[in-house]
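Let's work through a few exercises together, with the structure open beside you. Try each task before reading the solution.

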Amino acid sequence: MSNLFSTLALAETLQGAGHDVTFAAPDNCQSAIAHAGFPVVPVQAPLLSVRAGYLPKPGLPRTARLKQDRTARAVARIEEDGFAQALKQTAPDMVLADCEHHSAVIRSISAGYRTVLLSFMYFSPPGPLAPP
């Protein structure tokens, strides 16, 4: 949830500048967002790996037809989280999406929305105590 708090700070800044802000969020984040005063459109938690439906099954030959089937399964998994419906419901001017929420990124861009990727990865500057 630590990523949520920095996102709420960004949302407050955007709202203070006159923008309407609505969150599309899974159950585990909705109460904190509502407590901060923002509307929430419920969606399922992001899948750990969108590619999970795309990986070939061991022992099967790699044919174009099987690749199409795997692609269809991967796309279906993206559609399961409800983010496409959230986009239709809110019709945003811009989507700010966590870069690790692959279905949100794919859905937003493919639907033609201006999409900004948020990254919550922290890197330390190079130095003698920093990991390689």
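**Exercise 1. Place Ala91 and look at its backbone.**

Ala91 sits in the loop between H4 and S3, where helices (H or I, at least four residues) and strands (E, at least two) are DSSP runs numbered from the N terminus. This is a predicted model, in which local features need pLDDT of at least 70, side-chain atom pairs count only at pLDDT 80 or more, and totals for chains, interfaces and linings use all residues. Residues are numbered from 1 along each chain as its sequence is written, and side-chain values use heavy atoms, with hydrogens and water left out.

Now turn to the backbone angle. Most residues other than glycine have a negative phi. Ala91 is not a glycine, yet its phi is positive, at about 45°. Gly112, just after H5, also takes a positive phi, of about 85°.

**Exercise 2. Describe the overall fold of the protein chain.**

Begin with the elements: the chain has 5 helices and 4 strands. Along the sequence they follow the pattern α-β-α-β-α-α-β-α-β.

Next, check burial. Of the 132 residues, 27% count as buried (buried is under 20% relative accessible area, exposed over 50%, partly exposed in between, with a 1.4 Å probe and protein chains only).

Then consider contacts, meaning heavy atoms within 4.5 Å. Among those with a separation of 6 or more, 36% are between residues 24 or more positions apart.

**Exercise 3. Is Ala104 buried or exposed, and what does it touch?**

First find Ala104 in helix H5, residues 102–110. Its relative accessible area is 3%, so Ala104 is buried. Other buried residues of H5 include Val105 and Arg107.

Then list its partners: leaving aside neighbours within four places in sequence, Ala104 is in contact with Phe83 and Ala97. For a distance check, take Leu87: Ala104 and Leu87 are 17 residues apart in sequence and 9.3 Å apart in space, C-alpha to C-alpha.

**Exercise 4. Find the aromatic pair and classify its geometry.**

A search of the whole structure finds 1 aromatic pair. The rings of Phe23 and Phe38 have their centres 5.6 Å apart and their planes at 65°, so the pair is edge-to-face. The cut-offs are these: rings of Phe, Tyr and Trp (its six-membered ring) pair if their centres lie within 6.5 Å, and planes under 30 degrees apart count as stacked, over 60 as edge-to-face and the rest as tilted.

Now place the partners. Phe23 is in strand S1, while Phe38 is in the loop between H2 and strand S2 (40–42), 15 residues away, and the pair links distant parts of the chain. Both Phe23 and Phe38 are buried.

**Exercise 5. Follow Phe23 to one of its contacts.**

Thr7, in helix H1 (residues 2–16), touches Phe23 and Phe120 when residues up to four places away in sequence are not counted. With 17% relative accessibility, Thr7 counts as buried.
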